[in-house]
Amino acid sequence: MALQRYGVLCGVLRDHFRDQPDTQGRWYHVNLRVDAPDGRYRCAVDVDSKQSATGVRWKRFVVDAAALGPVAGFAGGYHELERGPGTGALDFQRHPALLGHRRCRFAHWLPRWLREAVEPFCRPMPWTAGSNLDAAEALEPILVPARPILVFGEPFRTGLGMHNIHQNQGDPAGSQWWDENGIWQDGATMTRREDGRFDVFLSKFSTQVDRTDDEGHPV
């Protein structure tokens, strides 16, 4: 099983806002308003969980456009993605550009034989854990109005919008999201900088593991 649909929205960021707090003072999303040829989309990025015992973790880094495959050159609008390497789909555990290597950010410039020799020694950037406020404050600096933006996730069933903009694999057995586990279907937010590279924000819930099998279930 997996998400019913998966793809990327390409557009221009208009603005963003946070959900209104509930009666306990909690809120769960940073909402992006993205303009595309077919209209304005609302994209709900999770920065907290409705279950108080479940925290959110995140990474933020910069990646070259070429490392993202074909999606960096897509026209504006929503595009369905084939779930596999080289299609533009994302997988936090399998896509080399999304590991956020601290030691080897230079590796993609090396000849392939040397890159393959070096990359096993690179340390992936660790996930950061914190409050919903911490997560929002990590995301919001890359949300520059008028920047081109890529939002990966699942489109709304009704209306223009995107959700599941977070890791979509590794949920534990018995959870309500077990059936949605799958590889090459992770969600993310990326905005294009003036130098052509992309600022990247990835997030996942603390209950989601870092190693999964070919069906996206925990190993």
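Helix α2, spanning residues 132-139, has a buried set made up of Asn132, Ala135, Ala136, Ala138 and Leu139. Looking down the α2 axis, those buried residues fall within an arc of 160 degrees, so they line one face of the helix. Keep in mind that this is a predicted model. Besides the helix, here's a quick tour of four residues: two with positive phi, one buried threonine and one exposed glutamine near the start of the chain's numbering.

**Positive phi outside glycine**

- As background, most residues other than glycine have a negative phi.
- Alanine 146 goes the other way, with a positive phi of about 80 degrees even though it is not a glycine.
- You'll find alanine 146 in the loop that runs between α2 and β7 (148-155).
- Alanine 146 counts as exposed, with 59% relative accessibility.
- Asparagine 164 also has a positive phi, near 55 degrees, and is a residue other than glycine.
- Look for asparagine 164 in the loop between β8 (161-163) and β9 (188-192).
- Asparagine 164 counts as buried, at 11% relative accessibility, whereas alanine 146 is exposed.

**Threonine 212 and its surroundings**

- Threonine 212 sits in the segment after β10 (198-205).
- With a relative accessible area of 10%, threonine 212 is buried, because that value is under the 20% cut-off.
- Setting aside residues up to four places away in sequence, threonine 212 touches Gln93, Arg94, Gln169, Gly170, Ile183, His217, Pro218 and Val219.

**Glutamine 4 and its partners**

- Glutamine 4 belongs to the segment before β1 (7-18).
- Its relative accessible area is 59%, so glutamine 4 is on the exposed side of the 50% cut-off.
- Even so, glutamine 4 has contacts beyond its neighbours within four places in sequence: Arg83, Glu154 and Arg157.
- With arginine 157, the link is a polar contact between the two side chains, at 3.5 Å.
- Proline 155 is 151 residues away from glutamine 4 along the chain, yet their C-alpha atoms are separated by 9.5 Å.

Note on methods
Residues numbered from 1 in each chain as written. Predicted model: local features only at pLDDT ≥ 70, side-chain atom pairs only at ≥ 80, totals over all residues. Heavy atoms only, no water. Buried < 20%, exposed > 50% of the residue type's maximum accessible area, 1.4 Å probe, protein only. Helix = DSSP H or I, 4+ residues; strand = E, 2+ residues; numbered from the N terminus. Arc of directions from axis to C-beta. Contact = heavy atoms within 4.5 Å. Polar contact = N/O pair within 3.5 Å; in protein donor to acceptor, adjacent residues only side chain to side chain.
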